[in-house]
Amino acid sequence: MSSPVFSGLRTPRRTTRQIQVGKVPVGGHSPITVQSMTTTKTADVEATLAQIYALAANGADIVRCTCNEVEAAEGLARIVPRSPVPIVADIHFQYKLALAALEAGVQCLRLNPGNIRKAEHVKIVVREAKDRGVPIRIGVNGGSLDPDIEAKYGQTPEGLVASAQRELAYFYEEDFHDVKISVKASNPALMIESYRLLADTVDFPLHLGVTEAGPLPGGLVKATAGIATLLAEGIGDTIRYSLTADPVEEARAGRQLLESLGLRERVGLDLIACPSCGRAEIDVIKVAEEAQDALRDLKIPIQVAVMGCVVNGPGEAASADLGIAAGRHRGHLFVKGKVVRVVPEDEMVSALVAMAKEIADTSIDEVLSHADSGAAAEAEKDRRLLLGEKGDDANHSEERVELIRKTTA
Ligand code: SF4
């Protein structure tokens, strides 16, 4: 339905083994997946399931839940059979809780090698996971390295990778290779270099993330800096945004990143909007937010543009499937750059939503075939009037330059 997304990533994806997290393949040639983590008490089964459903509806392919107490493991036993996506149990410190999570039927474990340190404990978990065909993520965190590794390497790429390698050695002793690995750090530069080094040394699928990235918007920027850089280099098989926010934002961000890089097919809206300027005929920020709120839940895989003026809007957003541009108190609805309707300004957003639904129900060609015959002429009239009123230089730059010269003469 929507135009194909250009994916010009030059570097081919790194070849890895493939593992199976429940029904979801990770690594190999399988699609890069999105993960998130619940923030509810896992023992609260209904609250946790509600969050898992919300995460799945917003793009998460796999969800992790903490398993930090026996009640959490018992909760997992009730959650797993009702979950729409595979569940990973997050284990720290207590290897027996990993055994309990396996008993609960989880589809993957995450072990932190920095805090389950006894080789024999790790191997007991590995043997049990192997018997059940359950994969394990070795989840190294820069902030919780083994003390001896930290003393030797510090928080460096070599230190993070050494921690993963030590855990892998225990796994190899049990002939266990059903593994994915993460080497996260809160510093994106350290995280990037750690994954690069790891990718050079193992062929297991890699789970990417910038840990403790923080609240929006800074957290999004840091996480994207790390994850997107690696994806562009062909590194990464599954991703998680670790944001101090509603985890639904993590799922949305992960999905949006993969879609924007052309690494997953678009399933939801891609809203583009002009940054606004002196020509804007509307409050672009407000209208773009209204359009985003109105269209987000429709899950229509199209690109929609909100443009502040008809002078440049339809042309600059000609590749969008659908868009609206403002001019002289009217909204100009355009499809693939062609104006199909002109509506009063206060109907802009509702007309945009109605047309998005129409495209979803029929097709772009169908909508174009029913375009208002006079719309393009009306739009051109508004465009010319605005050009006449504001001229080519809407910011009146030359007049301002003249004034500056007079002031400083
Ligand atoms: S020229 Fe028009 S479309 Fe471009 S930024 Fe300014 S208001 Fe937006």
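In what order do the 5 strands of the open sheet come, and what is the pairing? In this predicted model, the order runs S11-S12-S13-S14-S15, and the pairing is mixed. The sheet is bounded by strand S11 (270-273) and strand S15 (338-344), edge strands that each pair on one side only. Going from one strand to the next, the twist averages 20°.

At the S11 edge, the neighbour is strand S12 (residues 303-307); the two run parallel and are joined by 4 bridges. One residue pair to look up here is Ala-273 with its bridge partner in S12, Val-306.

Next comes the ligand. There are 13 residues around the ligand, and those that come nearest are Cys-274, Cys-277, Ala-280, Gly-308 and Cys-309. Sorted by class, this shell is made up of 7 nonpolar, 4 polar and 2 charged residues.

Elsewhere in the chain, a pair of helices is worth a look. Two packed helices are described by the angle between their axes and the distance between the axes. For helix H6 (residues 157-173) and helix H7 (residues 188-201), the axes come within 8 Å and cross at roughly 50°. An angle of 65 to 115 degrees would count as roughly perpendicular and one under 35 as roughly parallel, so H6 and H7 are oblique to each other. Their crossing is right-handed. On the H6 side, the contact is made by Pro-157, Leu-160, Val-161 and Ala-164, which meet Leu-190, Glu-193, Ser-194, Leu-197, Leu-198 and Thr-201 of H7. By class, that contact comes to 7 nonpolar, 2 polar and 1 charged residues.

How values were computed
Residues numbered from 1 in each chain as written. Predicted model: local features only at pLDDT ≥ 70, side-chain atom pairs only at ≥ 80, totals over all residues. Near = placed C-beta within 6 Å. Nonpolar A, V, L, I, M, F, W, Y, C, P; charged D, E, K, R; others polar. Axes fitted to C-alpha atoms, helices over the stretch in contact; angles between N-to-C directions. Parallel < 35°, antiparallel > 145°, perpendicular 65-115°, else oblique. Left-handed = near helix turned anticlockwise from the far one by under 90°. Contact = placed C-beta atoms within 7 Å. Pairing = 2+ DSSP bridges.
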